[in-house]
Amino acid sequence: METLLEGWTALAGRSRAATAVGAELVARWSEPHRRYHTLDHLRAVLAAIEPLAPVADDADAVRLAAWFHDAIYDGRPAWDEERSAQLAQALLPRCGMTEGRVAEVARLVRLTATHDPGYDPARAGDANGAVLCDADLAVLAGEHYDAYARAVREEYRHVPDELFRAGRAQVLRRLLGAPRLYRTARAHDLWEARARANVTAELRLLDGAGAVGGGFTSPAAARTGRDQRGH
């Protein structure tokens, strides 16, 4: 926790207001109803940003957006991102952030609703958005993908199995249908192949009418002989 808050301090400063905002964010990420969108997810996204940071136009804005991107999480897609962006707009000025920086952070948070930054390595574009979205999706390539998929199911435990499988499969097909999951060249090289293998394996399970929580093992887990998962 100390290391996480030190990272926040490096971004937001040591003022009383910044310290209070950091504490509020940690409290939000620690809410008991969360299973995947937890402090571990925040740490993972912040870590995934680092190898991609040289691509960003404003890496600190991307890091700040990571702190806020699921700060409000009720399992309501798009609405959660909008409310999280509004939270950033309300809290960051207290930390002395400029109007432009606040606007950019809020824009990036909203972008995580679609993970579509409109970036191409050959033509550039929204580099900040590409880095944040790639970092947020890095879990798809993780060795712990199976644990991630179970945690996502638990966050939607109020949804009946059949409806969850249909909705989840639609999301996975949309991901696989994209020309590339990761927009930055670095993320593509690091994670694309493993992510596609993991997502394909989960989709096969869903199409086979097995519950996500019931025995899914990612290719990464199979290679290591462990039951693992990650997003």
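**View 1. Arginine 63 and its salt bridge to glutamate 50 in the predicted model**. Arginine 63 is buried, at a relative accessible area of 18%. Its salt-bridge partner is glutamate 50, with 2.9 Å between the closest N and O atoms. Because arginine 63 belongs to helix H4 and glutamate 50 to helix H3, the pair ties together parts that are 13 residues apart in sequence. Glutamate 50 counts as partly exposed, at 40% relative accessibility.

**View 2. The salt bridge between arginine 173 and aspartate 207**. The closest N and O atoms of arginine 173 and aspartate 207 are 2.6 Å apart. Arginine 173 is in helix H9 (residues 161–177) and aspartate 207 is in helix H10 (residues 185–207), so this contact ties together parts that are 34 residues apart in sequence. Arginine 173 is partly exposed, with 43% relative accessibility. Elsewhere, Glu50, Asp60 and Arg63 are joined into one network by salt bridges that share partners.

**View 3. The salt bridge between arginine 35 and glutamate 154**. The structure holds 16 salt bridges. In one of them the side chains of arginine 35 and glutamate 154 meet, at an N to O distance of 3.7 Å. The loop between H2 and H3 contributes arginine 35 and helix H8 (residues 145–155) contributes glutamate 154, so the pair ties together parts that are 119 residues apart in sequence. Both ends are partly exposed: arginine 35 has 35% relative accessibility, and glutamate 154 has 37%.

**View 4. The largest nonpolar core and tryptophan 67**. The largest nonpolar core has 69 residues. Within this core, the residues with the most contacts are Trp8, Trp67, Phe68, Leu92, Val105, Leu140 and Tyr182. Helix H4 (residues 59–68) supplies the largest share, eight residues. Leaving aside residues up to four places away in sequence, tryptophan 67 touches Leu4, Trp8, Leu11, Leu25, Val26, Trp29, Leu42 and Leu46. In soluble globular proteins, nonpolar side chains tend to be buried together.

**View 5. Helix H2 and its buried residues**. Helix H2 covers residues 16–29, and for these 14 residues a rise of 1.5 Å a residue predicts a span of 20 Å. The end C-alpha atoms are 20 Å apart, which agrees. Ala18, Val21, Gly22, Leu25, Val26 and Trp29 are buried in H2. These residues lie on the same side of H2, because they cover an arc of only 135° around the axis. An α-helix has 3.6 residues a turn, so residues three or four places apart point the same way. The cover over the buried residues of H2 includes helix H1 (2–12), helix H3 (39–52), H4 and helix H5 (79–91).

**View 6. Helix H6 and its packing**. Helix H6 (residues 99–111) has 13 residues and an expected span of 18 Å at 1.5 Å a residue. Its end C-alpha atoms are 18 Å apart, in agreement with that value. The buried residues of H6 are Val102, Glu104, Val105, Ala106, Leu108, Val109 and Leu111. They pack against H4, H5 and helix H7 (127–136).

**View 7. Cysteine 95 and cysteine 133**. Cysteine 95 is buried, with a relative accessible area of 11%. Cysteine 133 is also buried, at 1% relative accessibility. With a cut-off of 2.5 Å between cysteine sulfur atoms, the count of disulfides comes to zero.

Conventions:
Residues are numbered from 1 along each chain as its sequence is written. This is a predicted model: local features need pLDDT of at least 70, side-chain atom pairs count only at pLDDT 80 or more; totals for chains, interfaces and linings use all residues. Side-chain values use heavy atoms; hydrogens and water are left out. Buried means under 20% relative accessible area, exposed over 50%, partly exposed in between (1.4 Å probe, protein chains only). A nonpolar core is a set of buried Ala, Val, Leu, Ile, Met, Phe, Trp, Tyr and Cys residues joined through side-chain atoms within 4.5 Å. Helices (H or I, at least four residues) and strands (E, at least two) are DSSP runs, numbered from the N terminus. Contact means heavy atoms within 4.5 Å. The expected span of a helix is 1.5 Å times one less than its number of residues. The arc is that of the directions from the helix axis to the C-beta atoms. A salt bridge is a side-chain nitrogen of Lys or Arg within 4 Å of a carboxyl oxygen of Asp or Glu.
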